[in-house]
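Here are my notes on this one, as promised. Have the coordinates open while you read.

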Amino acid sequence: MQKIIKFITDTVKETDILLIFLCLSASLFGIIMVHSATSLSIEEGALLSRDARTMLLAVCVGAVFAVIISFIDYQFITKMFPLIGAVCILMMLVLFIPGVGVGPAERPDAKTWISLGSTGLFFQPSELVKIGFIITFGMHIDLVQDKLKSIFHLFLLCVHGLVPAGLVIVSGDLGSALVFLIIFITMMFCAGVQMRYFILGIAGICAMIPGIWYVFFSETQKERFLGLLFPERYSDIMYQQNKGLEAIASGGFSGQGLFNGKYTQNEIVPESENDMIFTCIGEELGFIGCFLAIAILLAIIIKIVFIGIKSKENATAMMCYGTAAMFASQVIINLGMCLKIFPVIGITLPFFSAGGSSNLCIYIGIGLIMSIYRFNKEKEVENLRFGRLN
C-alpha cells in the first residue's frame, strides 16, 4: 500500500498539474460556448449539439494522449525526429490524392482535410504537422546550434521551414501557413540567429508578397483583405466580421447571459462556434467572459515558456518556445479576426473553437510539454540525490 501511495505521490509531483488544469479549464469553457453557439442544432433527446459532442470526444481522447505522452521520456520522442518529419510530409501529400483531400464549400480548389469516409468526420493534418514541425525543427536547431552563423546551415534551416509551410500553402490553407511562419521565426530568434538575417528575411517576404497575392490567394481571400480597406465596397464579404463585432459590443460588461445572445442564438454570425467563437463569448458573457478566456490562454502560454526556460536541453527549450508561439499566434490572429483588425483566414481559437482535429492535436502538443516538464523534474531529483552522496 505504501508503494502505491508513494507512486501516486511521485507521479503527482512530476506532473505539471497547473498546466493540465489550465488546459482542461479552457476546453470546458470552450465546450460550453460551442454548445451555446450550436444550441439550435441540438437533436431531440440529445444533451449536447453535434459540434459540442465532437469537441468533447476530441478533448477526452486528447487528454488521455497527453497523459500517456507525458510518461514517455522526451528523449525517446526527439530521437524519432526523422521518422516524425517523414510521416508529417506523407500526411500532407495524402491531401493531394484524388478523392481524399477536401476543402471548404466556398473553396473547392483547397485540399485541407482528409475525409474519414462514412463517419462524416474530417481530419486536418496540418494541425498535427505543426507539432511534428516543432519537434523536428527544435532538433535541427540543436544539431547546428554552434553553426548558426554559417549561411549554409541557415539556408538548410530555412528549407526545413519552407517544406511544411509550402505544402500547407499549396493545399490552400494560408492561415496555417502563417502560423508555421511565426513558429519558424520565433524558434530562430530564440536560438540566437543574428538580427541582420531577420531583416533580410522580412525584406525577402515583402518582395514575394505580389507573387503570393496573384498566385496563391483566391478571389475570396483577396476580397477579405480588401474589405478591411474598403468596407463599403465589400460589405457582403465583411458581413461575418461586422456582425461578429456587433455581437461582442452588445455583450457590454457582463454579457446577455449564456444561451441568451441574440446574435448567437439566431445564428446571425456565421461560424460562431468555430473561427468566431470569441464573438459568442463577448455577447453572452461580456467583457468578464472575454477577459477570463484571454487570461486562461495567456497563463497557458506563459507556463509553457517557463517550462522552456527551465529546460536543461536546448532542443526541448526550442520546442517549448515553438509551442508557445503556435498558441500565441493563433490567439492573436483569431482575436484580430473577431475584432475586424485582421481578415478572416480560418484560424481557430485554441481550446475554445469547435473542431476535433485542432483540439486533439493541441493535447498531443501539451503531452510533449508535460513530458519535458516531468523528465526534467526527475533529473533534478537525481542530481539532488547524487549531490547528497558526495
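Leaving out residues up to four places away in sequence, which residues does Gly-282 touch? Ala-247, Ile-248, Gly-251 and Cys-290, with contact meaning heavy atoms within 4.5 Å. More on that glycine below.

1. Ground rules. This is a predicted model, where local features need pLDDT of at least 70 and side-chain atom pairs count only at pLDDT 80 or more, while totals for chains, interfaces and linings use all residues. Residues are numbered from 1 along each chain as its sequence is written, and side-chain values use heavy atoms, with hydrogens and water left out.

2. Overall build. The protein has 15 helices and three strands; these are DSSP runs (H or I, at least four residues, for helices; E, at least two, for strands), numbered from the N terminus. Its radius of gyration is 22 Å, close to the 21 Å from the globule rule for 390 residues, so the protein is as compact as a globular protein of that length. That radius is taken over C-alpha atoms, and the rule is 2.2 Å times the number of residues to the power 0.38. Along the principal axes, the C-alpha trace spans about 75 × 55 × 45 Å.

3. Inside and outside. Of the 390 residues, 48% are buried, meaning under 20% relative accessible area (exposed is over 50%, partly exposed in between; 1.4 Å probe, protein chains only). The accessible surface comes to about 19100 Å², and carbon and sulfur atoms own 70% of that (Shrake-Rupley method, 1.4 Å probe; for residues, only the protein chains shown count as cover). Among contacts between residues at least 6 apart in sequence, 70% join residues at least 24 apart.

4. Helix H13, residues 277-310. Lys-303 sits here, and it counts as buried because its relative accessibility is 18%. Its side chain makes a polar contact of 2.7 Å with the side chain of Asp-16. A polar contact is a pair of N or O atoms within 3.5 Å; within protein, one must be able to donate a hydrogen and the other to accept it, and residues adjacent in sequence count only if both atoms are side-chain atoms. Beyond its neighbours within four places in sequence, Lys-303 also has Leu-18, Leu-19 and Tyr-373 among its contacts. Gly-282 is in H13 too and is buried, at 1% relative accessible area.

5. The loop before H13. Ser-272 lies between helix H12 (262-265) and H13. Buried or exposed? Ser-272 is buried, with a relative accessible area of 4%. Setting aside neighbours within four places in sequence, Ser-272 is in contact with Ala-37, Ile-277, Thr-279 and Cys-280.

6. The H14-H15 loop. I'd look at two residues with positive phi here, neither of them glycine: Lys-340, near 65°, and Phe-351, near 75°. Lys-340 is in the loop between helix H14 (314-338) and H15, and so is Phe-351. Lys-340 counts as partly exposed, at 29% relative accessibility, whereas Phe-351 is buried, at 1%.

7. Into H15. Asn-359 belongs to helix H15 (residues 356-389) and is buried, with a relative accessible area of 1%. Its side chain reaches the backbone oxygen of Ser-353 at 3.1 Å. Leaving out neighbours within four places in sequence, Asn-359 contacts Met-55, Ala-58 and Val-59, and also Phe-351, Ser-353 and Ala-354.
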